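Reader: Hi! I am new to protein structures and would like to go through one step by step. Could you show it to me?

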Amino acid sequence: MADNLIIDGTNKTPVVQFIAGTGKMEISGKSIPENSFGFYQPLLLWIDQYAAAPAPKTEIKILLEYFNTSSSKCLLDIFRKLEAIKKAGKSEVVVLWNYEEEDEDMMEAGQDYNSLVDLPFELIKI
């Protein structure tokens, strides 16, 4: 089983909490790192390890105030890896996309991702 992945957030990088045993993952805060691919690489590698023995239900909660273009590509990579886990029949996967009521851009970003991957998205207004 994969170890848990916990990364403290900064003013440019999100908080990451990936808990292997429960299948709960969360990315929250701001995602505007200087090197998005460098920041997200450990998350993608973790999901690869997790995919070998995922929890029966995998839930990823996205609660971002803002993310830059390179982060958006990395998020799509995460969703694609989770989509592969779902398609393999290894785990039920759900995306909880949280956005603030007045933040239409963030709501639309969730809708866009929903149309790009075959995963159930719950758009949650907060």
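Author: Happy to! Helices and strands here are DSSP runs, numbered from the N terminus, with at least four residues for a helix and at least two for a strand. Please keep in mind that this is a predicted model.

Reader: Let me try that out: in which element is Lys-87 found, and is Lys-87 buried or exposed?
Author: Lys-87 is found in helix α2. Residues count as exposed when their relative accessible area is over 50%. Lys-87 has 60% relative accessibility, so Lys-87 counts as exposed.

Reader: How far apart in space are Lys-87 and Ala-55, C-alpha to C-alpha?
Author: Along the sequence, Lys-87 and Ala-55 are 32 residues apart. In space, their C-alpha atoms are separated by 14 Å.

Reader: Ser-71 interests me too. Is Ser-71 buried or exposed?
Author: Ser-71 also has a place in helix α2. The cut-off for buried is under 20% relative accessible area. With a value of 0%, Ser-71 is therefore buried.

Reader: Which residues does Ser-71 contact, leaving aside neighbours within four places in sequence?
Author: One partner is Ser-31, which is 40 residues away along the chain, yet the two C-alpha atoms are separated by 6.4 Å. With the neighbours within four places set aside, the contacts of Ser-71 are Ser-31, Ile-32, Pro-33, Ser-36 and Tyr-40.

Reader: How do α1 and α2 pack, roughly parallel or roughly antiparallel?
Author: Two packed helices are described by the angle between their axes and the distance between the axes. For α1 and α2, the angle is about 5° and the axes are 10 Å apart. Angles under 35 degrees count as roughly parallel. That is why α1 is described, relative to α2, as roughly parallel.

Reader: How many nonpolar residues does the contact of α1 with α2 have?
Author: On the α1 side, the residues that meet α2 include Phe-37, Leu-43 and Ile-47, and on the α2 side they include Leu-75, Ile-78 and Ile-85. By class, this contact has 3 polar and 4 charged residues, and its nonpolar residues number 12.

Reader: Which residues touch the most other members of the largest nonpolar core?
Author: This core has 38 residues. Several elements supply at least two residues each, among them β1, β3, α2 and β5, while α1 gives the most, with 8 residues. The members that touch the most others are Ile-27, Leu-43, Phe-79 and Trp-97.

Reader: Which residues does Leu-43 touch, not counting those up to four places away in sequence?
Author: Leu-43 is among the α1 residues that meet α2. Once residues up to four places away are left out, Leu-43 touches Leu-5, Ile-7, Val-16, Phe-18, Ile-27 and Ile-78.

Reader: Now for the rings! Why is the pair of Trp-97 and Tyr-113 called tilted?
Author: A pair of aromatic rings is described by the distance of the centres and the angle of the planes. Planes under 30 degrees apart count as stacked, over 60 as edge-to-face, and the rest as tilted. The centres of Trp-97 and Tyr-113 are 5.4 Å apart and their planes are at 50°, so this pair is tilted.

Reader: Which parts of the chain does the pair of Trp-97 and Tyr-113 link?
Author: Both residues are buried, and they belong to an aromatic cluster with Phe-67, Phe-79 and Phe-121. They are 16 residues apart, and the distant parts linked are strand β5, with Trp-97, and helix α3, with Tyr-113.

Reader: What about Glu-59: is Glu-59 buried or exposed?
Author: Glu-59 sits in strand β4, with contacts that include Gly-23, Lys-24 and Val-94. Buried means under 20% relative accessible area. At 18%, Glu-59 therefore counts as buried.

Reader: One last pair: where are Asp-8 and Gly-9, and how does Gly-9 count by accessibility?
Author: Asp-8 is in the loop between β1 and β2, and Gly-9 lies in the loop between β1 and β2 too. Asp-8, at 64% relative accessibility, counts as exposed. Values between 20% and 50% are partly exposed. Gly-9 is at 37%, so Gly-9 counts as partly exposed.

Terms used
Residues are numbered from 1 along each chain as its sequence is written. This is a predicted model: local features need pLDDT of at least 70, side-chain atom pairs count only at pLDDT 80 or more; totals for chains, interfaces and linings use all residues. Side-chain values use heavy atoms; hydrogens and water are left out. A nonpolar core is a set of buried Ala, Val, Leu, Ile, Met, Phe, Trp, Tyr and Cys residues joined through side-chain atoms within 4.5 Å. Buried means under 20% relative accessible area, exposed over 50%, partly exposed in between (1.4 Å probe, protein chains only). Contact means heavy atoms within 4.5 Å. Rings of Phe, Tyr and Trp (its six-membered ring) pair if their centres lie within 6.5 Å; planes under 30 degrees apart count as stacked, over 60 as edge-to-face and the rest as tilted. Axes are lines fitted to C-alpha atoms, for helices over the stretch in contact, and angles run from 0 to 180 degrees between N-to-C directions. Angles under 35 degrees count as roughly parallel, over 145 as roughly antiparallel, 65 to 115 as roughly perpendicular and the rest as oblique. Ala, Val, Leu, Ile, Met, Phe, Trp, Tyr, Cys and Pro count as nonpolar, Asp, Glu, Lys and Arg as charged, and the others, Gly among them, as polar.
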